[in-house]
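Me: Please take a close look at one part of this chain for me. I would like the strand in the middle of the sheet, what surrounds it, and how the rest of the chain is arranged about it.

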Amino acid sequence: MNLFIDSHAHIDSHGYSQDRDDVILRSFQQGITHIIHIGSDKNSETIIEAVSIAEKYPQVFCALGIHPHYANCMNQEILDLLYIQSLH
């Protein structure tokens, strides 16, 4: 079996808020076998949403972190949240 992985997706984008599930399902129908969703925002809601999307679809995984643009916002609360969410 060939794997065709979308290795850097941002499917939590507000542009997909109305049809996110359809976009994901169409990706699989077109031959994508797995999606790696990148959760790299400083907002806790965005981090939690990234994990939530990955939990909903077995073929979707998420990579959590903080984008370098937000490095100056890094604090213990965000680090704790990233750690807790990474346990899912």
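What follows is a walk from the whole chain to that strand and the loop after it.

Reply: This is a predicted model. Start with the frame.

The chain holds three helices and three strands. From the N terminus, the order is β-α-β-α-β-α. The C-alpha atoms fill a box of roughly 40 × 30 × 20 Å along the principal axes. The chain has 88 residues, and 33% of them are buried. Take the contacts with a separation of 6 or more: 72% of these join residues 24 or more positions apart. About 5,900 Å² of the chain is exposed, and carbon and sulfur atoms supply 53% of that area. The charges number 4 positive and 11 negative. The mean positions of the two sets are 6 Å apart.

Now the sheet. The three strands make an open sheet, ordered E1-E2-E3, with parallel pairing. Strand E1 (5-9) and strand E3 (60-64) are the edge strands, and each pairs on one side only. Neighbouring strands in the sheet are turned by 20° against each other on average, direction ignored. Your strand is E2, residues 34-39. E2 sits between E1 and E3 in the sheet order.

Look at the E3 side of E2. Five bridges join E2 and E3, in the parallel sense. One pair can be named: Ile36 has Phe61 of E3 as its bridge partner. Helix H2 packs on this sheet and touches both E2 and E3. The direction of H2 makes about 155° with that of E3.

Next, one residue within the strand. His37 is part of E2. Is His37 buried or exposed? His37 is buried, because its relative accessibility is 0% and the cut-off for buried is under 20%. Its contacts show what lies around it. Neighbours within four places in sequence are set aside here. On the list are Ala9, His10, Ile11 and Asp12. Val60, Phe61, Cys62 and Ala63 also touch His37, and so does Ala50. Ala9 falls within E1 (5-9). Val60, Phe61, Cys62 and Ala63 fall within E3 (60-64). Ala50 falls within helix H2 (44-56). For Asp12, the C-alpha distance to His37 is 8.2 Å, across 25 residues of chain.

Move on past the end of the strand. Ser40 lies in the loop between E2 and H2. Ser40 counts as buried because its relative accessible area is 18%, and buried means under 20%. Which residues does Ser40 touch, beyond those up to four places away in sequence? They are His10, Gly65, Ile66, His67 and Tyr70. His10 is also a contact of His37.

Asn43 lies in that loop between E2 and H2 too. Its relative accessible area is 32%, so Asn43 is partly exposed. That value lies between the cut-offs of 20% and 50%. Asn43 and Phe61 are 18 residues apart along the chain, and their C-alpha atoms are separated by 19 Å. Phe61 is the residue that bridges to Ile36.

Two residues from the other helices complete the surroundings. Ser27 belongs to helix H1 (residues 20-29). Leaving out residues up to four places away in sequence, Ser27 touches Ile32 and Ile35. Ile35 is within E2 (34-39), which gives a link from H1 to your strand. Ser27 and His10 are 17 residues apart in sequence, with 13 Å between their C-alpha atoms.

Tyr83 is in helix H3 (residues 76-86). Tyr83 counts as exposed because its relative accessibility is 54%, and the cut-off for exposed is over 50%. From Tyr83 to Ile36, the C-alpha distance is 18 Å, with their positions 47 residues apart in sequence.

To put the part together: E2 pairs with E3 over five bridges, and H2 packs across both of these strands. His37 is buried in E2. In the loop that follows, Ser40 is buried, whereas Asn43 is partly exposed.

Note on methods: Residues numbered from 1 in each chain as written. Predicted model: local features only at pLDDT ≥ 70, side-chain atom pairs only at ≥ 80, totals over all residues. Heavy atoms only, no water. Helix = DSSP H or I, 4+ residues; strand = E, 2+ residues; numbered from the N terminus. Buried < 20%, exposed > 50% of the residue type's maximum accessible area, 1.4 Å probe, protein only. Contact = heavy atoms within 4.5 Å. Areas by Shrake-Rupley, 256 points an atom, 1.4 Å probe, with all protein chains shown as cover. Lys, Arg positive; Asp, Glu negative; His and termini not counted. Charge placed at Lys NZ, Arg CZ, Asp CG, Glu CD. Pairing = 2+ DSSP bridges. Axes fitted to C-alpha atoms, helices over the stretch in contact; angles between N-to-C directions.
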